[in-house]
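Grab your viewer and a notepad: here are a few exercises on helix packing, empty space and odd backbone spots. Try each task before reading its solution.

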Amino acid sequence: MLASHQDVFNIVQAKFLAAEVVKSIHLNVSVVDGPSINSDRILALVEYNKSCALFVLISSRSQPISFSDLSIETVIPIDPNFSCETEPGAGQHYVILIIKYKQSRFQYNIEIGKDSCNFAAELIKSKEGSSNTNPNNNTWLEKYFGTMNNSNRNSDPVDQGELVVIRDGMVQGQTAINRESMLKYQLKLKEPEFTQKQEFSIFVGTWNVNGQPPTVSLRSWLSWDENPPDVYAVGLQEIDLSKEAFFFNDTPREAEWQKFVMDGLHPNAKYRLVALARLVGIQLAVMVNNQHYRYVKNVSFDTRGTGLLGMGNKGGVAVRLELHNTSLCFVNCHLAAHVEEFERRNQDYKDIDTRINFRKSPHEIKDHDQIYWLGDLNYRITDLNTSQVKTLLQRSEMNTLLKVDQLNQQKERGRVLVNYIEGDITFPPTYKFDLNSDTYDTSEKARPPAWTDRILWRGRGIHQVSYRSHMDIKMSDHKPVSSLFMSEISVVDPSKYRKVHEDLLKKMDKHENEFLPQVTVDQAEVTFELVKFREPQFKEIIIANTGVVPAEFEFIKKLDESSYCKDWLTIMPFCGSINPGEKCDVKLEVNLETDLETLYDILVLHLKGGKDMFITVNGHCQKSCITQTLSSLVRIQVPIMHLSKEELASALNNQGPIYYSVPRELWLLVDHLYRHGLRTRDLFESCALHEELIRIRDWLDFGSKDQIPGTPQAVAETFLLFLSYTKEPIIPFDLQDSCVAAANNFENCRQLILQKLNDIHRTAFLYICMFLQELLKYSNDNGYDAKTVASLFGDILLRDPIRNSKPQASRGKTNFVYNFLMNDLSSSLIPK
Amino acid sequence: MANRSGAAQRPNGQTQGKICQFKLVLLGESAVGKSSLVLRFVKGQFHEYQESTIGAAFLTQTICLDDTTVKFEIWDTAGQERYHSLAPMYYRGAQAAIVVYDITNQDTFGRAKTWVKELQRQASPNIVIALAGNKQDLANKRMVEYEEAQTYADENGLLFMETSAKTAMNVNDIFLAIAKKLPKNEQNAGQTGNNAQGRRLTEGDTGPKTAGNCCK
Ligand SMILES: Nc1nc2c(ncn2[C@@H]2O[C@H](COP(=O)(O)OP(=O)(O)O)[C@@H](O)[C@H]2O)c(=O)[nH]1
Ligand SMILES: [Mg+2]
């Protein structure tokens, strides 16, 4: 089972002390130039007391199960000596993170995943935050330097010499999708270069309206400040206490209240709603000044009920958005009531904090640049009764009271809103008032006053300008609270962004081009000398990988061709992979089995993800009587090589007189076998030496005064070759089906031969059959019977159009030939 | 509540340009400067002695336009006549072609016209074709008049520029002009199947939005 990112995160956190907060982790990291390409490293960004460090952890399992599976390889303090940048990584999904610390340099291959951007953002934040920290703040790291298990074990990594790093070359062509995420990741890292901080005023308000419908203007709350804010986040609680609202989460009050909110916004600016989210009575509206609207993006919201069955009489709603390049998150909550229920409130908070999940990244509250937490948190004042509280208030001893404020206490103990900041409270408790008055609860219950309504924040660059309550809005038992912030928003400088973006793309292009597979081939043209029938020749080409990545090569088909090379050529291997610096010998073999003047082919050697190279193969062929047509051969009186070019051309075009009834070569072979081979046992079966066949072929083609060289068996094999490679089979392809159909009746077969076969082929066919009949007279000596001979010659005289396709001894063909072996042929010679 | 979940399709333009990928092929007589143009465009270099291409070289280069980023997959083909029959492998499925001739050699202009004709017949119908009269730095040996080529280009709907790989004149410009002319969205991106057909490659903001689990 794969552990989730969150699981691993928890395991990593367990490796550290509680106060050493793991801010972000990155899985699937490997060391560039490391011995293994296992992505078994985990990067962890850890913060302790505002000092950050980057830890490189090695996991002993592919997925750590417990913190003891993790060992610390490297610790790099994030202080002004720290810098980092990235380069496009070598592989499909990789980017190389280069970290420099003084003279040391670390490089990690990072597999880009969905959490990469968060990690990058955290890293940048830490780096930014480090500029004003003192490098000596790193004392908390000392204990870890001792535990580092790498070979450079050193009490201080800072003094390590420069690490020389060679990029490891496990590379594939990059996909464009991957390029996109890599670009995003790198842009995030470079964000400080193309953004600048601008202050935006953010008004955050919270009010528990006690189920009342809106009746009074909210101006005195929402437009309290002189200048119109840039952003509003207005949170209400208990806008509807009805059962309907509770069960159906539907209420007309939403629209009513929202109208009052909009009407209450600062009159000196126009605002536009960005998002409105509601859970039962908890409602949160975020508005921006019109002029900023076009810089708002990735808006999303979520809600989380924590009350009874999580249905939402208590709980929280959150809205997230990006304003320019800063991510903002507003959370409005209404936590559990009653003085003694502070633990429940802590738990409610945790539920909201961890379980709110936005549809857009970052998905969790905690991962935003700025978080504003507001609402009726419902924390009370402990240990004091109503009259004691009231007395202290009258004496203006607010600080005494604030010390026993549950929120302050729980926060101090790290039980709630850890790392959140709240400004000094200078306003009186905002709960509980008699309606339409400034008088604290005079009912029987006489609840002690409390600061239930609060606004806190977390994140960089937030400055609280004011924090106040609004006593003149009296319709609820709570008073509204608001806070004005001046917050730093990072704004993209378009020209700088363009430059960074273009530079990055250029770098990536350059990198991508450098990492294309590159090979050289030692010859672009392969020429074979005189290529002769069935006399294979070999040439070798050497493909050398001159690039930096493995090259996968393959000879590919040209358009409209069925194979990657002509049938007279064999390429071995026709595909493969070559590592950088290595070579591969590729053998080209020609084997000529047809009648060609010249050999010519262009091979396309394709590199996967890269270029193609062309290799031209050519050669001259030697003519042979084998592979010619019968009708050409009967026009040739002398060995084929004795002909002049013109004579040859005219014979091959079936021009000129016919000299013979059967080709001279056929006659020579048959005559030789008739005289020397009839009694040879297994005449057609033995395999003659290749040279012997070549000698006989040359004897036929060049002529000689000597006898045919070679044994009867070699001559017999040449005879079979001759018949097998004639340009057209003795029984032409288009006649073969009829022959097979006629095979069980000799008369039909005879008619076919007489009527359909031309004179030259018919004569040759009958000539061969008569020879075979003669052969069968010596069965006792040569061991052949008619069936065997018919089967052998059926496949040759009626050969298949596709060579080498293991001839299935066709019964029909055998039977057809058999007829001509068993019947008197003299009558067949004369047409009726 | 028309706008409760806020602005979805705001063109932010700054950080989220889309990347379109296009296949571009260079065609033309051998030695007119195809490889040199690519080398100039991709690496900013020029070699007096440029090795002749035997095959089809492959490089990539990205151009930033205002709102989009165009990534070219460039196939630089061999110009020799003997390899002519292989050219369709490279221009088939290409969204753009640069047909190059050498302004000092009239024959290469004739050859360029043949290439244009072949592309118009055989290549994808939406292909953007640019005609490049290269070696403009050798204008004193000019054999092809600018006006003649311009007229021809106009008649055939081609982009046209005289370029010099040597001085870099108009090299980026011709690629830029092509990038601008190429259609940047799926509908216009041609129909020749699966290879890099002006693919839009941004994930980002396009996912369907479902209502939140609160306000209904
Ligand atoms: N003077 C000049 N020479 C060029 C120019 N472009 C290419 N060349 C030269 O022309 C020759 C052929 O160039 P090359 O790029 O190999 O042509 P290709 O066969 O079309 O790829 C090389 O010697 C180049 O240096 C140019 O713009 N001006
Ligand atoms: Mg070239």
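**Exercise 1: two helix pairs**

α18(A) and α23(A) are oblique to each other, because their crossing angle falls in none of the parallel, antiparallel or perpendicular ranges. Keep in mind that this is a predicted model.

Task: work out which residues of α18(A) and α23(A) meet, and by what angle the axes cross.

Solution. Start with the geometry: helix α18 (residues 712-725) and helix α23 (residues 786-797) of chain A have axes that come within 8 Å and cross at roughly 40°. Next, go through the contacts. On the α18(A) side you'll find Phe719(A), Leu720(A), Leu723(A) and Ser724(A), and they meet Phe793(A), Ile796(A) and Leu797(A) of α23(A). Finally, sort that contact by class: six nonpolar residues, one polar and no charged ones.

Task: now do α16(A) and α21(A): how far apart are the axes, and at what angle do the helices pack?

Solution. The axes of helix α16 (residues 664-676) and helix α21 (residues 759-776) of chain A sit 11 Å apart, and the packing angle is about 10°. Angles under 35 degrees count as roughly parallel, so α16(A) and α21(A) are roughly parallel to each other. For the contact, α16(A) brings Leu666(A), Trp667(A), Val670(A), Asp671(A), Leu673(A) and Tyr674(A), which meet Ala764(A), Tyr767(A), Ile768(A), Phe771(A) and Glu774(A) of α21(A). By class, this makes nine nonpolar, no polar and two charged residues.

**Exercise 2: the largest pocket**

Task: find the volume of the largest pocket, and say which element gives the largest share of its lining.

Solution. The volume comes out at about 1,700 Å³. There are 50 lining residues, and the closest to the pocket centre are Val21(A), Lys23(A), Glu47(A), Asn419(A) and Arg458(A). Several elements give two or more residues, among them α1 (5-15), β1 (21-31) and α9 (342-355) of chain A. The largest share is from α2(A), with six residues. Sorted by class, the lining has 17 nonpolar, 18 polar and 15 charged residues. As for domains, domain 1 (5-166) and domain 2 (193-492) of chain A each supply at least three lining residues.

**Exercise 3: the largest cavity**

Task: where does the largest cavity lie with respect to the domains of chain A?

Solution. First the count: there are seven cavities of 30 Å³ or more, and the largest has a volume of about 270 Å³. Of its 17 lining residues, Lys125(A), Glu128(A), Glu191(A), Lys197(A) and Asp369(A) are the closest to the centre. α2(A) gives the most to this lining, four residues. The class split is three nonpolar, six polar and eight charged. Now the location: domain 1 (5-166) and domain 2 (193-492) of chain A both give lining residues, so the largest cavity lies between them.

**Exercise 4: backbone oddities**

Task: which residue follows Tyr431(A) across a cis peptide bond, and which one is joined to Met572(A) by a cis bond?

Solution. Most residues other than glycine have a negative phi, and most peptide bonds are trans. The bond from Tyr431(A) to Lys432(A) is cis, with omega near 0°; Lys432(A) is in the loop between α12 (406-412) and β16 of chain A. Met572(A) is joined to Pro573(A), with omega about -10°, and Pro573(A) lies in the loop between β23 (569-572) and β24 (575-578) of chain A.

Task: what is the phi of Glu238(A)?

Solution. Glu238(A) isn't a glycine, yet its phi is positive, about 55°. You'll find Glu238(A) in the loop between β9 (231-237) and α7 (243-248) of chain A.

Notes:
Residues numbered from 1 in each chain as written. Chains lettered and ligands numbered in written order. Predicted model: local features only at pLDDT ≥ 70, side-chain atom pairs only at ≥ 80, totals over all residues. Heavy atoms only, no water. 1 Å grid on protein atoms, 1.4 Å probe; cavity = no way out; pocket = protein on both sides within 12 Å on 5 of 7 lines; lining within 4 Å. Points joined across faces, edges and corners; volume = space filled by probe spheres on them. Nonpolar A, V, L, I, M, F, W, Y, C, P; charged D, E, K, R; others polar. Domains from an automatic or database assignment. Axes fitted to C-alpha atoms, helices over the stretch in contact; angles between N-to-C directions. Parallel < 35°, antiparallel > 145°, perpendicular 65-115°, else oblique. Contact = heavy atoms within 4.5 Å.
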